[in-house]
Amino acid sequence: MPPTASAIADIRRKLESRQRITPGDALLLWREASDEELRHLAGMVRARYYAPSACTYMVMRIINYTNVCVAQCDYCAFYKLPGQSGGYVLTQDQVFAKIDELIALGGDLVAFNGGFNPHLPLDYYCDLFATIRERYGERIEFYALTIAEFMYLADHARLTYAAAAERFKAAGVRWITGGGSEILTEDFRRRHSKFKYTVAEYFEAQRAIVNSGLRTTATMVVGFDESIEERIEHLERTRQFQDETNGLASFLCWTYKPYFTQLGGIEISTSEYLRHLALSRIFLDNIPRIRTSVLTQNERALKGLLYGADDFDLPVEDEVTQKAGATISLQFDQLLNAVRNLGFEPTYRHVASGWNQLA
């Protein structure tokens, strides 16, 4: 047997006996394994948690409450600097209108994503979230902030991460998601988001969120200029954090959209995305829920269910990715039929009736 084939066979035996692969194993798989081999190995790990045909989905809307941001990440086509023409902040009534539209479409999950807006005090967020909880009760659930926004707000209010988490809990918040991670290496952040927080600070904040009793998730964006070694470092840091906290309810990976950004570039292929999704499932053996991104890959993302994913969402809106070239389809029946044609039976995860099961 050729050396490479023998090494892949060794990794397969590891997975069959539920042993953990190493970063070196992950690098070998990326460089040497075929698509079919990656798909098979990812399916082996997926099968530890789910029946072969099982998958779940949600209908959700990302509400971009402001586009004013001082982070100046070069991969973002969405932000406006303070005082720049086109900047906005949504009123509560505008937010409610977007939530009402989501409910009319059958959705019940809202995610908030904006920016580092120096003119918005912590009370803006706490008042908004408390009012949403009072107005909608358990009809919806909401991802209140990304970790990056949470960190900025805590620092701006001169609060520790623990104290900020308690403020948001008191306002009815249950979730602060893993957004703002992109690629979790210090070199990547120095290259592309030098005004954002370091990797060490990111995990410090996420640990405080978990310790407060709030729930959180892991995210990752691929397709910038990151190396495979940087991708694996991101996965390794994520797996280690989950080992230490068991606080990550899911892992969602999506692709960088390069259009109209300062960084630019060429969007990676769906094939590369699917390979990375499979590698993520194989490596992240301690996160049962792996999600594929319809938002950035459209119907093509559904093939991710064949590469280890078990969950996806049907998005209604996300201005951040749409500004950079993402397109959204509201033809939900068509998308769900595509899932069935792949051999899966999708089940809607109604978050309003069980928020503590949301991932």
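This report covers one helix, two loop residues and the empty spaces of a predicted model.

## Helix α5

Helix α5 covers residues 122-136. The helix has 15 residues and reaches 21 Å from its first C-alpha to its last, which is close to the 21 Å expected at 1.5 Å a residue. Just after the helix comes G137, with a positive phi of about 55°.

The buried residues in α5 are L122, Y124, Y125, C126, L128, F129, I132, R133 and Y136. Their packing partners include two strands, β2 (109-112) and β3 (141-146). The buried residues of α5 also pack against helices α4 (92-104), α6 and α7.

## I132 within α5

I132 belongs to α5. Its relative accessible area is 1%, and because buried means under 20%, I132 counts as buried.

Leaving out residues up to four places away in sequence, I132 touches V95, F96, I99, F112, G137, I140 and F142. G137, one of these contacts, is the residue with positive phi just after the helix. A further distance links I132 to A171: the two are 39 residues apart along the chain, and their C-alpha atoms are separated by 9.4 Å.

## Two loop residues with positive phi

E182 and R158 are both loop residues, E182 between β4 (175-177) and α8 (186-192), and R158 between α6 (147-156) and α7 (161-170). Phi of E182 is near 50°, a positive value in a residue other than glycine. R158 is not a glycine either, and has a positive phi of about 60°.

Are these two residues buried or exposed? E182 is buried, with a relative accessible area of 10%. R158 has a relative accessibility of 76% and counts as exposed, because exposed means over 50%.

## Surroundings of E182

The side chain of E182 makes a polar contact of 3.0 Å with the side chain of K196. K196 is also among the residues that E182 touches when those up to four places away in sequence are not counted. The others in that list are Y75, F188, R189, M220, V221, F224 and H234. Of these, F188 and R189 fall within the residue range of α8 (186-192).

H234 touches E182 and is also one of the residues that line the second largest cavity.

## Cavities

How many cavities of 30 Å³ or more does the structure hold? There are two. The second largest has a volume of about 40 Å³.

The lining of this second largest cavity consists of S181, L184, Y202, F203, Q206, T217, A218, T219, H234 and T238. At least two lining residues come from each of α9 (199-211), β5 (216-222) and α10 (228-245). By class, four residues of the lining are nonpolar and six are polar, with no charged residues.

## The largest pocket

The volume of the largest pocket is about 180 Å³. Its lining includes R39, H40, G43, R46, A47, Y50, A51 and P52. L305, L306 and F344 also line the pocket.

Which classes make up this lining? Seven residues are nonpolar, two are polar and two are charged. The lining of the second largest cavity, by contrast, has no charged residues.

How values were computed:
Residues are numbered from 1 along each chain as its sequence is written. This is a predicted model: local features need pLDDT of at least 70, side-chain atom pairs count only at pLDDT 80 or more; totals for chains, interfaces and linings use all residues. Side-chain values use heavy atoms; hydrogens and water are left out. Helices (H or I, at least four residues) and strands (E, at least two) are DSSP runs, numbered from the N terminus. Buried means under 20% relative accessible area, exposed over 50%, partly exposed in between (1.4 Å probe, protein chains only). A polar contact is a pair of N or O atoms within 3.5 Å; within protein, one must be able to donate a hydrogen and the other to accept it, and residues adjacent in sequence count only if both atoms are side-chain atoms. Contact means heavy atoms within 4.5 Å. On a 1 Å grid over the protein atoms alone, a cavity is a set of points where a 1.4 Å probe fits but cannot get out, and a pocket is an open set with protein on both sides within 12 Å along at least five of seven lines; lining residues have an atom within 4 Å of a point. Grid points are joined across faces, edges and corners, and a volume is the space filled by probe spheres set on the points. Ala, Val, Leu, Ile, Met, Phe, Trp, Tyr, Cys and Pro count as nonpolar, Asp, Glu, Lys and Arg as charged, and the others, Gly among them, as polar. The expected span of a helix is 1.5 Å times one less than its number of residues.
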